[in-house]
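Here is a colleague's note on the model shown below. The points are best read with the coordinates open.

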Amino acid sequence: MSGLDENAIAQEIVDAAYHVHVELGPGLLESVYEAILDHELRRRGLDCIRQKRVPIKFRGVELDEAFRLDLLVNDLVIVEIKSVEQASPVHAKQVLTYLRLTDKRLGLLLNFGQARMKDGIERIANGLPD
């Protein structure tokens with residue numbers, strides 16, 4: 001599924017997350033949802049990288065172990081997965097930080113801990129110029 005823009009990719013991710021949540025429900029570990037969502041997105045023809053390292057530069061030193069993205073889909077959309085009762089505002093800030101560090105435009109915060117998946121989806125945009 002190359003050639004898709006961020007919005008089309010995000011739509012596929014949300015649909016896949018919904019189906020994973022319907023089938024498995026809440027309460028599993030984040031790593032389990034990550035692995036299954038990765039599998040489902042690949043099955044749909046999307047390219048995924050799990051636990052992609054995101055370096056950070058500080059005072060001329062680059063730290064390779066600074067951050068790890070849960071999923072990077074088609075090198076365009078960052079997916080952060082949670083499995084908590086209620087997502088915190090800091091989780092959205094985490095995604096925005098990842099977007100800024102990677103110069104990406106769109107991220108999704110997916111909380112599989114919610115009773116309904118639609119309540120656990122947050123879209124986060126990085127205000128990059130077009």
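The numbered points go from the overall fold to the cores and then to single residues.

1. The coordinates are a predicted model, and the remarks that follow should be read as statements about that model. Its protein chain contains three helices and five strands, and, starting from the N terminus, these elements follow the order α-α-β-β-β-α-β-β.

2. On overall dimensions, the radius of gyration of the protein chain is 14 Å, which agrees with the value near 14 Å that would belong to a compact globule of 130 residues. Along the principal axes, the C-alpha atoms occupy a box of roughly 45 × 35 × 25 Å. Among the contacts with a separation of 6 or more, 58% join residues 24 or more positions apart.

3. As to burial and surface, 38% of the 130 residues count as buried, while the accessible surface of the protein chain amounts to about 7,500 Å², with 51% of this belonging to carbon and sulfur atoms. The chain carries 17 positive and 21 negative charges, and the mean positions of these two groups lie 4 Å apart.

4. Which residues touch the most other members of the largest nonpolar core? In this core of 21 residues, they are I13, L37, L41, V73, L110 and F112. At least two residues of the core come from each of α1 (6–24), α2 (30–43), β2 (61–73), β3 (77–82) and β4 (106–111), and α1 provides the largest share, with six residues. A second core, separate from this one, has 10 residues, including V54, L72, A92 and V95.

5. L110 deserves a look of its own, since a reader can follow its surroundings directly in the model. When neighbours within four places in sequence are left aside, its contacts are I13, A17, L37, V79, E80, I81, K82, M117, G120 and I121. Two of these partners, I13 and L37, are also listed with L110 among the core residues that touch the most other members.

6. Is E80, a residue of strand β3, buried or exposed? E80 is buried, because its relative accessible area is 3%, which falls under the 20% limit. Beyond its neighbours within four places in sequence, E80 is in contact with D70, Q94, V95, Y98, L108, L109 and L110; one of these, V95, belongs to the second core.

7. Two residues call for a check of the backbone. Q51, which lies in strand β1 (residues 48–58), has a phi near 55 degrees, a positive value in a residue other than glycine. D75, placed in the loop between β2 and β3, likewise has a positive phi, of about 55 degrees, although it is not a glycine. Q51 counts as partly exposed at 30% relative accessibility, and D75 is partly exposed as well, with a relative accessible area of 47%.

8. A last point concerns D5, which is found in the segment before α1. Although D5 and L106 are separated by 101 residues in sequence, their C-alpha atoms are 10 Å apart in space. D5 has a relative accessible area of 41% and is therefore partly exposed, since this class covers values between the 20% limit for buried and the 50% limit for exposed residues.

Note on methods:
Residues are numbered from 1 along each chain as its sequence is written. This is a predicted model: local features need pLDDT of at least 70, side-chain atom pairs count only at pLDDT 80 or more; totals for chains, interfaces and linings use all residues. Side-chain values use heavy atoms; hydrogens and water are left out. Helices (H or I, at least four residues) and strands (E, at least two) are DSSP runs, numbered from the N terminus. The radius of gyration is taken over C-alpha atoms; the globule rule is 2.2 Å times the number of residues to the power 0.38. Buried means under 20% relative accessible area, exposed over 50%, partly exposed in between (1.4 Å probe, protein chains only). Contact means heavy atoms within 4.5 Å. Accessible areas come from the Shrake-Rupley method with a 1.4 Å probe; for residues, only the protein chains shown count as cover. Lys and Arg count as positive and Asp and Glu as negative; His and the chain ends are not counted. The place of a charge is taken as NZ of Lys, CZ of Arg, CG of Asp or CD of Glu. A nonpolar core is a set of buried Ala, Val, Leu, Ile, Met, Phe, Trp, Tyr and Cys residues joined through side-chain atoms within 4.5 Å.
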